[in-house]
Amino acid sequence: MTEPGAKAADGQDASPQGGGEVFFYHMTRTPLEATLPVLLQRSLEAGWKVCIRGRDANRLEWLDELLWTSADDSFLPHGPSGGPHDADQPVLLTTETEADAGTEFANAANALLTIDGAAVSADEMTRMTRVSILFDGNDPDAVAQARSQWKEVVAAGCTAKYWSQESGRWEMKVSTEPLDN
């Protein structure tokens, strides 16, 4: 199994394009601060605009600082929502849902990454090119929340893909197919 975001032999994204797929990343060996920059880099390489949604503004401030200082050899262009250049941000950090904003994300994101149990709507699941839910596998509450979200994804008729680190590297362990409506 290829690592998430890996390129196929022809250089194209190895995962299918289009909405309706939600990837669950069960972080047990690497924390958010190590996992998120890798997923962001791959998302940007795929040409996607990204929104990172969290539930706590202070946590997103910490993440904003982390992304500026996480690596000396790379740069992940990003910014917190609410600024004058939101539309230009390749990666936008927010606590808002599109429903909160009354429209799509300010940066017209086509990929959504959620942390800390942030909600994802059924509309976002089907419309976004990629939705990723990152959760701390060492936190029983986070695992319970991810299980609940998994059920929501399946009920929405979307494909859910579960990625695990139990072998030491990311491997897809489970994938569902959409329900026929």
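**Exercise 1. Find what covers the buried residues of helix H2, and work out which side of H2 they occupy.**

Among the elements covering the buried residues of H2 are helix H1 (32–45), S2, strand S3 (79–80) and S4. Contact means heavy atoms within 4.5 Å. Helices (H or I, at least four residues) and strands (E, at least two) are DSSP runs, numbered from the N terminus.

A word on the model before we go on: it is predicted, so local features need pLDDT of at least 70 and side-chain atom pairs pLDDT 80 or more, while totals for chains, interfaces and linings use all residues. Residues are numbered from 1 along each chain as its sequence is written, and side-chain values use heavy atoms, with hydrogens and water left out.

Step 1: list the buried residues, which in H2 include Leu60, Leu63, Asp64, Leu66 and Leu67. Buried means under 20% relative accessible area, exposed over 50%, and partly exposed in between (1.4 Å probe, protein chains only).

Step 2: look at their directions. They cover an arc of only 165 degrees around the axis, so they sit on the same side of H2; the arc is that of the directions from the helix axis to the C-beta atoms.

Step 3: turn to the other side of H2, where Asn58, Glu61 and Thr69 are exposed.

**Exercise 2. Describe how strand S2 (residues 50–53) sits between its partners.**

Step 1: follow the side chains. Val50 and Ile52 point one way, Cys51 and Arg53 the other, and all are buried.

Step 2: find the partners. S2 pairs with strand S4 (residues 91–94) in the parallel sense over four bridges, and four bridges also join S2 to strand S5 (residues 111–114), again running parallel. Two strands pair if DSSP finds at least two bridges between them.

Step 3: match residues. Arg53 has Thr94 of S4 as its bridge partner, and Ile52 has Leu113 of S5.

**Exercise 3. Classify the aromatic pair of Phe24 and Trp150.**

Step 1: recall the rule. Rings of Phe, Tyr and Trp (its six-membered ring) pair if their centres lie within 6.5 Å; planes under 30 degrees apart count as stacked, over 60 as edge-to-face and the rest as tilted. The count comes to five aromatic pairs.

Step 2: apply the rule. The ring centres of Phe24 and Trp150 are 5.1 Å apart and the planes lie at 55 degrees, so the pair is tilted.

Step 3: place the residues. Phe24 is in strand S1 (residues 21–27) and Trp150 in helix H5 (residues 140–155), 126 residues apart.
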